[in-house]
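Hi,

Here is the structure I promised to send over. Have a look at it first, and my notes follow underneath.

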Amino acid sequence: MSASYRFDGQVAVITGAAAGFGLAVATRLAESGACLVMVDRAEQALHEAASKLSGLPVVADVSVESEVDKYVAAAVQAHGRIDLFFNNAGIEGRMAPMTELSVSDFDKVWAVNARGVFMGLRSVLTVMKPQGSGAIVNTASMAAIKGAAAFSPYIASKHAVLGLTKSAALEGAPYGIRVNCVAPGHIDTRMARDLTAQINPSDPEGVFRAVSESVPYGKRYGTAAEVANLVVWLLSSESEYVSGSLHLIDGALNAG
Ligand SMILES: NC(=O)c1ccc[n+]([C@@H]2O[C@H](COP(=O)([O-])OP(=O)(O)OC[C@H]3O[C@@H](n4cnc5c(N)ncnc54)[C@H](O)[C@@H]3O)[C@@H](O)[C@H]2O)c1
């Protein structure tokens, strides 16, 4: 699908921009005229992606407060404002039953997926409120609306993203700021491939095939580009009046 709406001159901050959904959204926004501020902790991949898309690379770990402040300050210093925010960086963590997880396993996932999303919202809303406008999309997951055995830190963190989305939407509404979250199902990125390997290290391809078969629409994983189509729509004025909601993109996996 080609971009049907434009973001000319708008400033977009994207976390997790070096790969997966972040890179796909950055690519779509660059094609549509936005100025990109691309944030990731993977330095080399980030620099390569930013140079291809003419974005400003900011190497930062979204789980560290001073680094969140740093990427937001870099965007404001370079462009004077932030119009669009894709608050997306996340990790899957270790899959194991709760009885086999350490507190540190939990904390690692929580620090990036929940605290990182909170700190990003806090800093970006501080910039957007005086502007009186802005659109934000947080990356949740279908893990925000259901449980899964052996995946509790990730499940809890994505439920937190939904709660943060709703709260931020209510806080942003009086200032003309919309906040939504996307809830992808199985999408073929590095993260999804890592999970197949955690589920069965001796046959990740077999897990990949079985998961594909379980998806009602198309019997396949989704693509990062398909997620980007939804995110870019939510960031655009085409979705005016849509705020505070979760948007599944899962090939009908959770429809039953
Ligand atoms: N792939 C899926 O099936 C799927 C499904 C639902 C939700 N998600 C969510 O989508 C988001 C993106 O995942 P993806 O599939 O594109 O994964 P990915 O691993 O391909 O990309 C994630 C990017 O985020 C970066 N990142 C990770 N931790 C970071 C940190 N602390 N600070 C800065 N950058 C960091 C990584 O370096 C990487 O470039 C995540 O929040 C993930 O939980 C993924």
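Residues 24 or more positions apart make up 68% of the contacts in the protein chain that have a separation of 6 or more. Bear in mind that this is a predicted model.

On the overall fold, the protein chain has eight helices and seven strands. Its C-alpha trace spans about 50 × 40 × 35 Å along the principal axes. The radius of gyration is 17 Å, which agrees with the value near 18 Å that a compact globule of 256 residues would have. Of those 256 residues, 50% count as buried.

As for the surface, the accessible area of the protein chain is about 11400 Å², and carbon and sulfur atoms account for 57% of that. The chain carries 20 positive and 24 negative charges, and the mean positions of the two sets are 2 Å apart.

Then the aromatics: there are five aromatic pairs in the structure. One of them is Tyr-71 with Phe-85, whose ring centres are 6.5 Å apart with the planes at 40°, so this pair is tilted. The two sit in distant parts of the chain, 14 residues apart, with Tyr-71 in helix 3 (residues 65-79) and Phe-85 in strand 4 (residues 84-87). Tyr-71 is buried at 0% relative accessible area, and Phe-85 is buried at 0% too.

Phe-208 and Tyr-221 form a stacked pair, 4.1 Å centre to centre with 10° between the planes. Here Phe-208 belongs to helix 7 (residues 204-213), while Tyr-221 lies 13 residues away in the loop between helix 7 and helix 8. Phe-208 counts as buried at 14% relative accessibility, and Tyr-221 does at 7%.

Cheers

Definitions and conventions: Residues are numbered from 1 along each chain as its sequence is written. This is a predicted model: local features need pLDDT of at least 70, side-chain atom pairs count only at pLDDT 80 or more; totals for chains, interfaces and linings use all residues. Side-chain values use heavy atoms; hydrogens and water are left out. Helices (H or I, at least four residues) and strands (E, at least two) are DSSP runs, numbered from the N terminus. The radius of gyration is taken over C-alpha atoms; the globule rule is 2.2 Å times the number of residues to the power 0.38. Buried means under 20% relative accessible area, exposed over 50%, partly exposed in between (1.4 Å probe, protein chains only). Contact means heavy atoms within 4.5 Å. Accessible areas come from the Shrake-Rupley method with a 1.4 Å probe; for residues, only the protein chains shown count as cover. Lys and Arg count as positive and Asp and Glu as negative; His and the chain ends are not counted. The place of a charge is taken as NZ of Lys, CZ of Arg, CG of Asp or CD of Glu. Rings of Phe, Tyr and Trp (its six-membered ring) pair if their centres lie within 6.5 Å; planes under 30 degrees apart count as stacked, over 60 as edge-to-face and the rest as tilted.
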